[in-house]
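Biologist: Could you take me on a close look at one part of this assembly, the helix pair, and then show me how the chains around it fit together? I would enjoy one connected account.

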Amino acid sequence: MTPERLLPTLLLLAWLAPLASFVVSAIAGSLLSRRHGGQEGGAVDGAAARTIGHVATGAIGVSLVASVLALGAWIAAHPATDGHAPAATAYAGEWFGVLDVGPLHVGAAYYIDALTVVMAVVVTLVATCVHVYSFGYLAEETAAEGLEAVADDEAPTYYGNKLRRAGRLHRFYQHLSLFCFAMLGVVLAGNAVMTFAFWELVGASSYLLIGFYYERPKAAAAATKAMLFNRVGDVGMLVGLMALWGLAGTFDYERLFAMAPTWMASHYGLATLVGAGLFCGCIGKSAQVPLQGWLPDAMAGPTPVSALVHSATMVAAGVFLVGRIYPLLTVEVLVGIASVGAVTLLVGATLASVSHDLKRVLAYSTVSQLGYMMLSLGLGGWTAGLFHLVTHAGFKALLFLGAGSVIHAVGTNDLRAMGGLRRAMPATAGLMLVGALALMGAGVPVLGLGLSGFFSKDAIFEYAVAFARTNPSYAWLFWAPLIGAVLTAAYITRLGLLTFVGQARSEKAEHAHESPESMLVPMAVVAAMAIGAGWAVPGSRLSVPSLLAMSAPEATHHARTGSAWSGVTLPGVESAHEVDVRAAAGWAAIGATLVGVTSALLMHRGGRKCETPAGAPMRQFDEHWLPSVSRGCDAVARRLGAFVSGPLDRGAIDGGLAGAAGLLKSTGGGLRRIQTGSLRQYVFFLALGVVLVSAASLGVALRWING
Amino acid sequence: MILASLVTEPVGVAHYLIVGAVLFIAGIVCMATKRNLLGVLMGVELVLNGANVNFIAIGSPYLRGDAASVGLDGQLMALFVIVLAAAEAAVALAIALNFYNTVHTIDVDAADQLRG
Amino acid sequence: MNDHALTLLVLLPAAAACAMALVPKSAGGAAKKLTLATTALVALIAWSLAFDGRAGGAGLSHIVSAPWIPSLGVQFFLGVDGVSLPLVILTASLSFLAALASLGVERHPRGYCALLLLLQTGMLGVFLALDFVVFYVFWELILVPMYLLIAVWGGDGGRRAALKYFIYTLAGSVLMLGAGLLLYGQSDLTRLAPADLAECGVMGPDAAKPHASGMVLAEWLASDDPLAERYVDAEAAGAPLRTFNLSAMARLARSTDVFTSKSWGGHNLAWWAFVLLAVGLAIKLPAVPLHTWLPDAHTEAPTPVSMLLAGVMLKLGGYGLVRIAWPVCPEAARDLAFVVAVVGVVGLFWGALAAMAQTDFKRLVAYSSVSHMGYVLIGLAAGTLGADAWALGATGAVFQMVAHGVTSAGLFFAVGVIYERVHHRDLNQLGGLMNRMPTASGLALVLALASLGLPCLCGFVGELLVLLPAWTFNPYLAAAAASVTVLIAAYTLRAVRLAYYGPEYRGPNGDRLTPVTPRELAVLIPLAVAAVVLGVRPGIVTEVAEPALVAAGQPFAHPHPNLPGMTPVADAADARRTTR
Amino acid sequence: MLPTLVEQLANDTAGLSLPRSAPEVTLVVTIVALLLARVPAALRRIDPVWIALTGALVALGCLLGEARGGLAAIEPVELFTGMLRHDALGVFSRGLLLMFLVMMVVLSKLTGLASRDDGQDFFVLLFGATLGMCVMCRANHLMTVVLGIEMASVPSYVLVGIVKGRRRSGEAALKYSVYGAAAAGVMLYGVSLLAGLLGSVHLPTLGLRLAELQVASLAGDPSQRGVIMALALAGVLVLVGMAFKLSAAPFHFWAPDVFAGAPAEVGAFLSVASKTAALVLLLRLVSLVLPHGVSVDAALPGEGVSRLAAMSDAGPAAPARAFVVGLIATAAAVTCTLGNLAALSQTNAKRLLAYSTIAHAGYLLMPIAAAIALAEHDPAGASGAAAAVMLYAAGYLFLNFTAFAAVAAIRNTRGAETIEDYAGLIRTAPVTAVAFCLAMIGLLGLPPLVGFWGKLAALRALVDAGGPWMVMLLVVAVLNTALSLVYYLRVVKTICLDAPPEDAGVERPERPTRLLLAVGAAPILLLGIAPEWLARLAGEACQGLFG
């Protein structure tokens with residue numbers, strides 16, 4: 001089997017396995033749900049739920065194996081060269097056609113290059129770990145039987161008693177499978193419409209997953225908010241798609257990339273609009289600055305969901321898409337992306353360092369790291385950005401899983417109620433430390449030793465330095481990530497201190513206990529990825545960056561200057577890899593990290609003081625001002641709607657027509673009054689009628705005669 | 001100017017037609033103004049007789065010469081109109097009597113219960 | 001010879017309605033079962049149309065052509081082609097589901113079933129009729145049954161809402177009658193080429209088959225068809241031979257200047273006819289300024305009637321536009337395309353914003369129908385740009401009609417499921433249904449997401465097909481239309497959150513939240529499955545509708561003289577040619 | 001010379017005219033029989049309704065005999081030396097009248113209007129009026145026009161006041177008689193002027209004289225100017241008589257009061273029979289007096305005279321034609337709108353039906369205006385328009401008969417005539433209620449019922465004629481249909497939806513009345529579904545009307 005046929009079939013298998021598991025669990029879930037005492041609570045007994053879970057995990061396992069095989073097949077077909085090999089061939093094709101109307105042809109197509117294969121492996125690997133992890137985390141869902149199985153203290157009930165509901169582990173795995181199917185759909189998509197389709201399907205499955213505890217008003221609101229923020233972004237993407245259709249008349253990536261240089265030359269403005277539009281979708285999905293409000297609230301979902309969806313995969317789809325459509329993006333769009341990324345990473349980092357909620361800190365950390373990736377892509381560092389995506393998936397998933405086991409143990413998210421857990425939970429603490437170090441980018445610059453975060457952050461800084469050198473007026477794009485790095489180190493150290501160091505600040509924290517085996521093993525696997533993702537395979541030069549470099553678009557190989565309007569020139573690959581640039585970037589990165597750690601240690605004095613200086617106003621901004629903006633929009637829309645359906649519909653239109661009907665009725669009444677009933681008046685009207693009609697006829701006759 | 005010539009010329013069709021017209025208008029005005037039911041019926045008779053005068057005038061061969069005149073048909077029409085007027089008067093009077101028996105007045109304005 | 005599948009399809013429900021009189025007054029159940037059987041049989045016939053190859057596609061098939069009232073020039077002319085087939089199947093299926101849903105009706109079941117069957121006859125008749133008067137007769141046949149269904153079996157405000165519905169629809173249809181007669185007054189069969197005459201069924205059923213046996217004009221003239229005789233003496237006297245035949249009118253509009261030669265008050269006759277038709281049909285669609293009857297009618301109508309009203313009757317307006325207004329007055333359609341598009345977009349925003357503010361679940365879904373029908377107008381308006389734009393826009397409009405039929409009927413039934421139990425629809429008092437009725441709520445969620453326009457479900461395809469040509473038609477309108485999807489998502493998700501999510505049900509008579517019955521599942525599951533199947537495999541509708549629409553849309557084939565729009569880049573354009 | 005004249009007259013009467021007037025003779029015989037039946041004591045026990053019924057049925061039989069070979073086969077011939085004109089239209093219209101007479105006889109018996117003792121007077125008047133209308137249908141001479149109208153009107157005056165002792169019927173009869181006499185007088189005067197000016201009383205010759213007169217006036221000599229003015233006046237005055245019988249706009253004042261005062265059965269008779277006869281007479285006047293064909297310059301060359309210019313081409317009677325079309329079109333529009341508007345706020349059922357009758361008079365005048373406009377250069381189209389009138393009138397017969405019969409039946413059971421009193425009728429008297437609703441929705445013009453086809457044919461005639469007047473009429477007709485929906489539907493709503501009054505037990509009319517209502521209502525639905533044979537019949541009736 002040649003790679004042209006092997007890779008698509010393997011990846012098709014990887015793609016459809018979760019779909020199969022979704023369908024099976026959906027049907028099985030409804031069939032198996034028995035009625036308890038006449039009430040249809042949808043309660044599936046524990047064993048059945050667990051089997052459904054195993055089916056789902058098996059399916060994602062199959063996908064993982066298939067993806068890894070595909071990776072192997074790709075590596076076999078493209079021996080790693082010195083990292084600057086010409087762009088490897090991308091296999092594009094179509095599995096089956098879906099829609100064929102007039103000039104439009106949309107099918108389930110694939111566009112497989114190194115990026116696709118790497119992303120597939122990352123997604124399926126993290127997903128598998130989360131699937132296994134969830135058994136432990138959601139154990140209480142299948143603990144008891146019937147409608148009273150699970151107690152949910154966060155759902156307010158009318159009489160204040162603790163809400164009891166049926167366990168629904170099976171539904172969790174059902175939605176998780178749907179999510180994996182959709183995510184792989186985005187990764188493999190071969191045309192823009194398929195990307196958009198699975199883009200929204202990913203949004204929908206994240207809506208379902210965030211809304212897993214739909215009894216809790218907070219979760220229901222968070223789910224709706226997440227979907228609406230994504231929809232706002234998707235509107236921009238839809239406009240981009242429409243402009244793309246108006247411009248190119250086709251959605252197929254292979255053909256688009258071939259035609260891109262021509263219409264970029266002739267229709268520069270429209271091409272920028274296309275790029276900007278598609279990037280709006282990424283802003284929505286990857287929680288960049290204007291639309292980042294939904295991600296912290298999304299933490300209302302179960303923690304495995306946060307680990308998989310809201311850290312490693314879905315939110316990274318935005319970055320993946322920018323990477324995929326890179327050849328279509330003009331320089332102006334890229335600069336725009338870079339500046340959005342820069343602002344996002346600063347906002348994310350500052351808010352992360354003030355929040356008291358463990359998962360909220362990690363959520364803002366994700367926002368910030370996504371900012372880094374966008375910045376890197378914007379500056380022309382295609383490989384660096386996507387490499388950081390891969391490493392981030394690793395250590396962020398680890399941090400979230402760790403946070404999950406901490407919450408599982410302590411029962412609350414609030415950092416102020418934790419402290420000194422390293423004694424009770426040594427394994428979790430150790431793994432979380434690895435994750436924190438990777439996030440900080442700890443490592444020795446000269447020797448090239450360090451965790452995965454170090455290598456990918458280092459690569460980003462190389463491009464930042466090179467870019468700042470070539471475009472001195474845009475220097476802030478270098479300082480922003482530097483400050484960001486300081487803040488990143490600060491907040492992750494704060495997190496570590498407040499959780500694991502110092503004295504336990506609540507009695508639950510005192511007798512917390514270590515998480516079970518089933519949760520720790522997946523964390524270990526992910527920890528291994530967090531550590532080793534940066535290194536090359538010993539004995540050959542094969543490493544994640546070298547793999548990604550294979551399909552880096554040629555536009556990134558050499559410097560590119562934008563139109564006169566922005567006057568920006570993006571640095572090429574070689575200029576970023578000059579020796580002095582690499583050294584400067586390395587030292588800058590490690591310096592910022594050290595400054596961040598020491599400042600955090602001083603501020604929190606070894607975990608005793610939770611509050612960060614000037615934290616309260618920032619928290620106020622985060623928890624109240626930002627949500628009020630989105631609530632404000634909703635209120636405005638509802639008031640406008642009330643105006644439309646009330647005064648306009650009922651008042652203007654109905655009132656107007658009722659007025660007209662009344663007018664007709666009154667004229668009718670008027671005519672009735674003429675009918676006075678007096679005989680003499682009738683005869684008078686008869687005479688009058690005769691006179692009038694004959695006068696008219698004489699007039700006409702006269703005019704006709706003289707006419 | 002037309003009237004002046006009418007007075008001087010020998011009597012022709014126009015003169016009869018004018019008489020007919022006068023009768024017709026008198027009848028209509030009488031019907032419209034009379035409050036007494038019988039007065040109204042008299043008005044009807046006047047109108048019918050006006051038409052009769054016309055019929056006779058247009059039928060006579062002397063007034064308008066053979067070609068244009070309606071010939072005997074005019075007189076035929078007049079005869080039938082007389083019969084018709086008689087029938088109508090009889091019926092109208094019967095109805096008036098019936099109305100009088102129920103309302104004990106022949107004032108036309110009393111008949112205004114049906115309105116609207 | 002006449003293929004009587006269509007006559008059976010149309011007249012079977014009417015016959016059953018008459019048979020309802022024979023059912024004894026006490027046997028309400030028997031009446032409902034008879035209705036169920038009839039609608040099932042009709043659905044079977046309709047589905048059989050889909051599976052035998054002839055139906056669908058460009059040409060007319062299953063022609064039924066009989067001289068109904070020759071002295072008035074009215075020909076009982078039924079036929080089905082790609083445009084009407086999906087809608088006929090939608091009507092037949094939804095009627096069956098409505099019959100299934102109305103098994104719970106208690107008041108005067110016989111009267112209810114008879115009126116429901118008359119309704120079905122009217123709807124099927126409109127989709128199958130190809131003669132203007134037959135179209136109009138079936139269109140008006142719907143009025144009285146609908147009025148009585150809403151007034152008698154509806155809620156307490158039913159009378160006022162039913163009267164409002166009757167006045168709006170009758171005013172619309174009266175305008176349509178005026179337009180039809182204006183077109184009839186100018187039509188002239190003698191100026192049609194023999195081939196056209198054969199194709200549009202004037203020469204009887206056999207000639208109209210796509211590969212007819214080459215029936216020559218002379219052969220028809222020799223036959224004893226009364227129309228043939230009048231054709232001969234009309235041609236001899238050189239006088240025009242009027243016709244009500246819709247496909248003949250469309251061909252006349254295309255090949256001759258019959259409708260556009262005479263002008264009156266500054267515009268040609270086709271323009272006036274188009275305005276009258278558009279306003280008349282837009283009331284039924286409903287387009288914005290004339291839509292206020294829909295929310296009232298829906299809030300008062302019983303659930304099965306609501307399903308039919310939203311699922312099928314709104315499509316009558318859209319179908320009328322695609323079948324009559326656009327093909328017969330193409331220039332007028334092109335001149336007024338911008339106005340139509342603006343009305344469409346305003347309708348989108350109007351419905352969506354109004355839905356945001358509703359507390360009554362059913363009234364919210366009604367306003368969502370007002371909003372979704374805006375896409376049909378945009379699609380048709382953008383379609384006037386050129387051949388490619390027409391293929392996309394018109395197919396998108398037809399697909400949106402079918403898809404909205406499925407989702408709106410489903411949502412109305414879901415609201416009905418709740419209403420039948422707790423007898424109120426106030427969103428603020430609902431909640432926690434996901435726990436009490438997980439299956440029904442799950443299916444309702446699928447239908448809600450479909451109506452939201454989520455890809456892989458039926459709502460998205462219609463939107464996509466309509467928006468693509470809309471961009472080249474007018475980028476700003478297209479961008480506005482795209483931005484409404486946020487509002488649509490907002491009110492739909494708000495309704496789902498208020499109705500289904502939340503800890504527990506605290507509204508009135510909560511104890512009556514019995515589990516969902518198999519009958520209700522038998523209605524919800526097919527609709528949910530249809531929503532998914534149409535989303536994943538939209539070819540089912542588009543492959544059937546597109547050829548017929550392209551045939552009907554030939555007048556729009558040549559590029560638009562004064563609306564350049566954003567013509568795609570030259571080399572990309574020919575690159576596009578190669579992609580197909 | 002006299003014997004040959006007498007002998008010639010005898011042959012003409014016996015051989016040619018009487019056989020073709022068999023129905024009229026039968027009516028006369030029946031009237032005489034009815035009058036004489038009371039004289040011998042033995043015969044007094046017979047209920048006059050049987051005599052009346054047999055008379056009516058025999059008359060109908062004779063008429064159907066006349067139309068044996070189909071309407072198209074009837075050759076137009078002038079009877080009684082030019083007094084009457086026997087043609088397909090005459091046969092068709094008299095057929096409608098006689099059929100309606102049979103229905104009226106049965107209805108008045110069942111609703112008790114014509115009871116055993118005073119039924120005789122009622123039937124005599126009924127037959128007398130119908131005889132007059134049959135004469136109107138075939139009038140070919142100014143004298144028969146006048147006689148026909150008077151013979152139809154005078155018995156109607158008495159019929160209106162047939163219910164003794166009630167002040168309202170007396171008042172209605174009084175108003176009707178005075179107004180009718182005035183209108184007849186005015187018409188008579190107009191007829192005299194017309195005869196004088198054109199020097200003839202025979203309608204066809206009037207037409208020729210008018211054509212010649214037009215030719216001379218085109219030469220523009222001043223002497224004819226006075227004649228033209230008088231002619232216009234005469235024409236108008238004649239049309240006043242027609243307007244009175246049709247209750248057209250300026251001359252409709254009598255209708256609401258008379259219908260409210262008269263019993264419902266008589267209302268039916270007036271609204272259907274006299275209107276149909278008046279329409280046929282108007283069609284005759286228009287087709288004979290305003291000739292065509294004799295046009296000064298040959299038919300305009302060029303393919304298909306453009307319709308919009310139809311009004312202005314130089315046919316001989318073109319200016320007269322244009323004037324009459326304008327007059328009738330305005331009258332139609334005003335009548336229709338006035339009838340519908342006034343009916344909106346009515347509460348009394350009979351008064352509502354009166355205004356509905358006025359409105360439908362407006363609808364019926366529209367195709368007549370179209371016929372006149374078309375007659376000039378499209379005789380076939382004009383005949384089609386006339387056929388539309390007859391189809392509409394035939395449908396209207398069943399609609400109004402059922403409506404008034406139902407009102408009469410409800411009056412007998414619930415003793416009330418306001419619409420509110422019809423509340424919940426469908427539960428207490430289903431057959432009556434369904435019949436009444438069918439009539440109401442049929443009058444509104446919804447398709448599945450016969451009313452729609454009449455209206456469609458009328459609008460089709462308008463569109464065929466084309467021209468500014470016709471499009472105006474089309475708009476008026478279309479808007480009025482929508483307007484009329486409100487009051488027709490209000491009646492249906494009251495009957496079907498409102499709750500019946502508590503005390504209303506199951507007061508169903510007895511079986512024969514219900515049967516009659518069903519017989520009256522069935523054609524509304526059946527003809528609605530298959531109106532072809534009626535439409536073809538109407539088409540053949542008006543085949544040769546406009547040459």
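Modeller: Happy to! This is a predicted model, and a good place to begin is the packing of two helices of chain A. From α4(A), the residues A:His175, A:Leu178, A:Phe179, A:Ala182, A:Met183, A:Gly185 and A:Val186 take part in the contact. Facing them in α5(A) are A:Thr195, A:Phe198, A:Trp199, A:Leu201, A:Val202, A:Ser205, A:Ser206, A:Leu208 and A:Leu209. Sorted by class, this contact of α4(A) with α5(A) holds eleven nonpolar residues, five polar ones and no charged residues.

Now for the geometry of the pair. Helix α4(A) covers residues 169-188, and its axis comes within 8 Å of the axis of α5(A), with a crossing angle of roughly 155 degrees. Angles over 145 degrees count as roughly antiparallel, so α4(A) is roughly antiparallel to α5(A). As for handedness, α4(A) and α5(A) make a left-handed crossing.

Helix α5(A) also leads us outward, to the neighbouring chain. Spanning residues 192-210, α5(A) is among the elements that give two or more residues to the side of chain A that touches chain C. That contact draws 65 residues from chain A and 63 residues from chain C. The other elements of chain A giving two or more residues are the strands β2 (39-43), β3 (91-101), β4 (104-112) and β6 (163-165), together with the helices α6 (217-248), α7 (253-266) and α24 (615-674). Of these, α6(A) provides the largest share, 16 residues. By class, the side of chain A that touches chain C comprises 35 nonpolar, 17 polar and 13 charged residues. Five pairs of chains touch, and the pair A and C has the most contacts among them.

Across that interface sits chain C, with 27 helices and four strands. Its C-alpha atoms fill a box of roughly 80 × 65 × 45 Å along the principal axes. Chain C has a radius of gyration of 24 Å, which agrees with the value near 25 Å for a compact globule of 580 residues. An unreviewed UniProt entry places the feature "domain: NADH:quinone oxidoreductase/Mrp antiporter transmembrane" at residues 129-191 and 262-488 of chain C. Residues 129-191 of chain C are 79% helix and 0% strand, with end C-alpha atoms 23 Å apart. For residues 262-488 of chain C, the figures are 81% helix and 2% strand, and the end C-alpha atoms lie 45 Å apart.

Two backbone details in chain C deserve a look while you have it on screen. The peptide bond from C:Leu285 to C:Pro286 is cis, with omega near -10 degrees, and C:Pro286 is found in the loop between α14 (269-284) and α15 (293-300) of chain C. Further along, C:Asn509 is not a glycine, yet its phi is positive, about 25 degrees. C:Asn509 lies in the loop that runs between α24 (475-499) and α25 (518-536) of chain C.

Let us turn to chains B and D. Chain B makes no contact with chain C, and the closest C-alpha atoms of the two lie 26 Å apart. With chain D, on the other hand, there is a contact: 33 residues of chain D meet 34 residues of chain B. On the chain D side, α7 (142-160), α8 (167-198) and α11 (254-261) each supply at least two residues, and α8(D) gives the most, with 19 residues. By class, that side of chain D has 17 nonpolar, ten polar and six charged residues.

Chain B itself has five helices and zero strands. Its C-alpha trace spans about 55 × 35 × 25 Å along its principal axes. The radius of gyration of chain B is 18 Å, whereas a compact globule of 116 residues would have one near 13 Å.

Chain D, for its part, has 21 helices and two strands, and its C-alpha atoms fill a box of roughly 75 × 60 × 45 Å along the principal axes. Its radius of gyration of 23 Å agrees with the value near 24 Å for a compact globule of 547 residues. Here too an unreviewed UniProt entry gives the feature "domain: NADH:quinone oxidoreductase/Mrp antiporter transmembrane", at residues 139-289 and 323-478 of chain D. Residues 323-478 of chain D are 84% helix and 0% strand, and the end C-alpha atoms of this span lie 24 Å apart.

Conventions. Residues are numbered from 1 along each chain as its sequence is written. Chains are lettered from A and ligands numbered from 1 in the order in which they are written. This is a predicted model: local features need pLDDT of at least 70, side-chain atom pairs count only at pLDDT 80 or more; totals for chains, interfaces and linings use all residues. Two residues are in contact if their C-beta atoms, placed from the backbone, lie within 7 Å. Ala, Val, Leu, Ile, Met, Phe, Trp, Tyr, Cys and Pro count as nonpolar, Asp, Glu, Lys and Arg as charged, and the others, Gly among them, as polar. Axes are lines fitted to C-alpha atoms, for helices over the stretch in contact, and angles run from 0 to 180 degrees between N-to-C directions. Angles under 35 degrees count as roughly parallel, over 145 as roughly antiparallel, 65 to 115 as roughly perpendicular and the rest as oblique. A crossing is left-handed if the near helix is turned anticlockwise from the far one by less than a right angle, and right-handed if clockwise. UniProt positions are given in the numbering used here, feature names are shortened, and annotations may be inferred rather than shown by experiment. The radius of gyration is taken over C-alpha atoms; the globule rule is 2.2 Å times the number of residues to the power 0.38.
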